[in-house]
Amino acid sequence: MEFDPALSLRILNNERLRRAHWGEYIDLRGALALTSDAPLDELNCIETFSAKRDQLAGLLDIGFSLLRAYDRMPAVHLTPLDRPKGIEKVLRARGLVCERRTVAMALRDDAVIPRTGAQVEIRIAGADDVLTFRDIVAPASTASWLRTMTRRVILDSLSEPWHTFYIGCIDGQPAGTLHLLVEGSTAGIYAVATLRSQRRRGVQTSLLARAIADARAAGCDLICLRTAAEGDARRLFEHVGFEVAHEQTFWVARG
């Protein structure tokens with residue numbers, strides 16, 4: 001897919017709408033600072049740069065000082081829309097390293113909705129399903145703070161009509177999850193997860209098929225998601241009909 005700034009902006013706006021449930025955005029007048037109780041650098045970072053070149057150094061000073069005040073290390077989330085160009089060079093000079101790369105993906109207009117697995121039953125989650133959804137996305141083996149925050153975020157989101165949470169079941173037992181966030185004509189897909197014991201049984205493909213169908217029925221002409229730049233998840237999404245809209249990088253200070 002050829003890079004389309006307008007399309008990428010819609011994807012990023014959808015992602016920010018979701019992250020706002022996990023943390024708080026602070027306008028630095030040239031960038032946004034995202035802070036959160038979660039000890040995750042991706043929820044405690046500087047993003048959405050729109051600064052002039054001679055403002056960048058001061059902007060980073062303010063942003064990093066703010067993160068340190070919250071006992072967080074400097075971290076920056078970059079996309080192709082961030083300005084000025086050359087932010088990466090400045091971050092390297094300040095000792096930050098590119099720790100990971102992800103890709104934002106958009107469903108092709110000609111993509112055919114995949115078949116739903118006959119053995120997979122999809123239901124829309126309600127308040128009584130919050131713990132079930134949480135236990136698949138953040139199982140008992142994960143940190144307690146993540147389980148607590150995941151539960152709170154799901155409960156908060158359920159009160160807003162643009163959020164839909166799906167649970168995929170096999171033989172009546174919950175096996176996978178998906179979160180659909182519809183904002184205007186843009187639909188973002190998140191929290192695609194499957195229990196390890198139920199993988200390779202069509203759970204994720206079935207959940208994606210239902211979410212895509214519902215998003216199209218809601219009038220969305222852009223259906224998007226984000227995943228690691230390499231790996232099985234990206235290959236699954238490409239098989240379904242998604243293609244890369246842009247790459248995003250995450251920079252962190254170590255030591």
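Buried here means under 20% relative accessible area. In this predicted model, that cut-off picks out Leu56, Leu59, Leu60, Gly63, Phe64 and Leu67 in helix H2. These residues cover an arc of only 120 degrees around the axis, so they sit on the same side of H2. That fits the usual helix bookkeeping: with 3.6 residues a turn, residues three or four places apart point the same way. Over on the other side of H2, Ile62, Arg68 and Ala69 are exposed.

As for what lies over the buried face, the cover includes four strands, E2 (32-35), E3 (45-47), E4 (75-78) and E5 (96-107), along with helix H3 (87-93). H2 itself runs over residues 56-69, 14 in total, and its span from first to last C-alpha is 20 Å, close to the 20 Å expected at 1.5 Å a residue. After the helix comes Asp71, with a positive phi near 65 degrees.

Turning to empty space, the largest pocket has a volume of about 1,600 Å³. Its lining takes in 48 residues, with Tyr190, Ala191, Val192, Arg226 and Thr227 nearest the centre. Sorted by class, the lining splits into 23 nonpolar, 13 polar and 12 charged residues. Strand E9 (residues 186-194) is the top contributor, giving 6 residues to the lining.

The loop between E9 and helix H6 (203-217) holds Gln198. Gln198 counts as buried because its relative accessibility is 17%, below the 20% limit. Leaving aside residues up to four places away in sequence, Gln198 touches Ile170, Ala175 and Val203.

Definitions and conventions. Residues are numbered from 1 along each chain as its sequence is written. This is a predicted model: local features need pLDDT of at least 70, side-chain atom pairs count only at pLDDT 80 or more; totals for chains, interfaces and linings use all residues. Side-chain values use heavy atoms; hydrogens and water are left out. On a 1 Å grid over the protein atoms alone, a cavity is a set of points where a 1.4 Å probe fits but cannot get out, and a pocket is an open set with protein on both sides within 12 Å along at least five of seven lines; lining residues have an atom within 4 Å of a point. Grid points are joined across faces, edges and corners, and a volume is the space filled by probe spheres set on the points. Helices (H or I, at least four residues) and strands (E, at least two) are DSSP runs, numbered from the N terminus. Ala, Val, Leu, Ile, Met, Phe, Trp, Tyr, Cys and Pro count as nonpolar, Asp, Glu, Lys and Arg as charged, and the others, Gly among them, as polar. Buried means under 20% relative accessible area, exposed over 50%, partly exposed in between (1.4 Å probe, protein chains only). Contact means heavy atoms within 4.5 Å. The expected span of a helix is 1.5 Å times one less than its number of residues. The arc is that of the directions from the helix axis to the C-beta atoms.
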